Amino acid sequence: MNNRIFLSAPHMGGNEIKYIQEAFDANYISPVGEQITKFEEAIKSFTGAKHAVALSSGTAALHLALRTLGVKDGDEVLASSFTFIGGVAPIMYERCTPFFIDSDEDSWNLDPLLLLEALESRKKSGSKMPKALIVAHLYGQAAKMDEIVAICDKYGVAIIEDAAESLGATVGGKHTGTIGKAGIYSFNGNKIITSSGGGMLVTDDEEVAKEARFLSTQAKEPFLHYEHETYGYNYRMSNIVAAIGRGQMEVLPQRVGRRREIFALYKELLKDIPEVKFMPEIAGSRGNRWLTTFYMDKKLKTTPDEIIKALEAQNIESRPLWKPMHTQPVFKDAPHLTNDFSEMLFERGLCLPSGSSMEDEDVMLVAKIVRDVIKK
Ligand SMILES: Cc1ncc(COP(=O)(O)O)c(C=O)c1O
């Protein structure tokens with residue numbers, strides 16, 4: 001049996017271990033230390049964000065984005081339905097109501113027309129307006145930020161970008177994550193770069209960054225003893241974890257380049273099957289192609305499950321696309337505005353192994369199995 005081909009395996013650059021050693025030499029084995037500062041600096045200089053706060057996960061970063069924007073207790077928060085639960089669970093932590101919006105065909109991300117419809121209907125009915133929108137840039141591909149920003153500006157809705165999967169992607173010349181009021185990245189083990197687990201909140205608003213830092217370290221007031229006017233969290237990133245992240249930042253451009261090559265190779269190898277529709281890249285954007293994803297037009301009888309099983313039989317990992325949040329049992333009562341597109345993606349789509357350490361031969365093997373199942 002061949003070595004397992006994973007969906008997205010960690011891919012170290014080499015210097016991570018050196019920076020971990022630096023942290024050990026300094027004896028900063030805690031959520032304080034130079035590695036954290038260096039990792040934050042690297043994210044700021046790469047993305048152009050004014051402030052960056054290193055945290056224990058992308059989910060924690062989203063939670064702090066909501067807290068710092070004052071979203072709480074019964075507020076409605078608009079969110080992409082086609083996403084991963086970590087991108088919306090923090091809405092529940094703050095006792096708010098998620099309002100899920102479907103995707104459109106040209107971006108697979110949040111549909112601006114549905115967003116506009118949702119906001120207009122809220123306005124017309126005189127209901128309380130949603131305070132924030134969490135927009136995901138899924139699989140490393142950008143959402144239609146020009147339109148989304150214009151709509152949210154009109155209705156006074158703060159934008160939080162869930163760029164957990166899209167570090168290194170740009171749209172309109174800006175990095176995803178740096179366009180809204182706040183953005184977040186994830187360094188979970190399967191992401192384009194990993195720190196073994198972790199997240200980062202980025203913002204141009206100094207107050208948001210200051211408050212996020214304060215809340216992430218148990219909201220301690222500046223006294224020698226422990227004094228608290230509010231409660232916080234233990235969300236700060238460890239110095240050891242940051243050392244890995246710092247090393248990974250040095251190879252991020254190569255990782256994006258390789259993932260894009262892998263996508264291009266899959267596309268080339270399957271180009272004669274027009275019913276295989278790969279995730280698009282909207283005009284003016286450059287995705288990081290974190291995962292190569294596609295759906296199969298109804299004309300094909302093949303199901304994603306058949307492909308996943310055939311790949312698994314060859315020790316290759318693949319996955320269905322995200323199951324939309326408005327169809328999840330936990331959100332059965334949540335308001336939503338949908339067009340069936342994300343449900344179709346879930347039924348007919350899948351993610352192919354896309355790790356940057358994959359060889360071209362691995363990609364060819366995966367593509368051959370996909371082709372064989374479709375053509376059988
Ligand atoms: C779209 C999306 N949002 C949020 C998260 C949460 O990030 P983390 O796992 O670092 O908490 C992830 C990844 O896991 C994700 O893919």
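## Tyr 139 and Trp 290

Tyr 139 and Trp 290 are both buried in this predicted model. Their rings form a stacked aromatic pair. The centres lie 6.4 Å apart, with 15 degrees between the planes. The pair links distant parts of the chain, 151 residues apart. Tyr 139 belongs to the loop between β4 (132–136) and α6 (145–155). Trp 290 belongs to the loop between β11 (285–286) and β12 (292–296).

Tyr 139 and Trp 290 are also members of a cluster. Ring pairs join them there with Phe 82, Phe 84 and Trp 322.

## Other stacked rings

The structure contains 12 aromatic pairs. One of these is formed by Tyr 233 and Tyr 235, again stacked. Here the centre-to-centre distance is 4.7 Å and the planes are 10 degrees apart. Tyr 233 and Tyr 235 are both buried.

## Arginines over rings

Two tyrosine rings carry an arginine over them. Arg 67 places its charged end over the ring of Tyr 231, 4.6 Å from the centre. Arg 246 lies over the face of Tyr 19, and the distance to the ring centre is 3.6 Å.

## Cysteines

The disulfide count is zero. Cys 96 is in no disulfide, and its nearest cysteine sulfur belongs to Cys 152, 16 Å away. Why does Cys 152 form no bond with Cys 96? The two sulfurs are 16 Å apart, which is too far for a bond. A disulfide needs the sulfur atoms within 2.5 Å.

Both cysteines are buried. Cys 96 has a relative accessible area of 6%. For Cys 152 the value is 0%.

Definitions and conventions:
Residues are numbered from 1 along each chain as its sequence is written. This is a predicted model: local features need pLDDT of at least 70, side-chain atom pairs count only at pLDDT 80 or more; totals for chains, interfaces and linings use all residues. Side-chain values use heavy atoms; hydrogens and water are left out. Rings of Phe, Tyr and Trp (its six-membered ring) pair if their centres lie within 6.5 Å; planes under 30 degrees apart count as stacked, over 60 as edge-to-face and the rest as tilted. Helices (H or I, at least four residues) and strands (E, at least two) are DSSP runs, numbered from the N terminus. Buried means under 20% relative accessible area, exposed over 50%, partly exposed in between (1.4 Å probe, protein chains only). A charge sits over a ring if NZ of Lys or CZ of Arg is within 6 Å of the ring centre and within 35 degrees of the ring normal.
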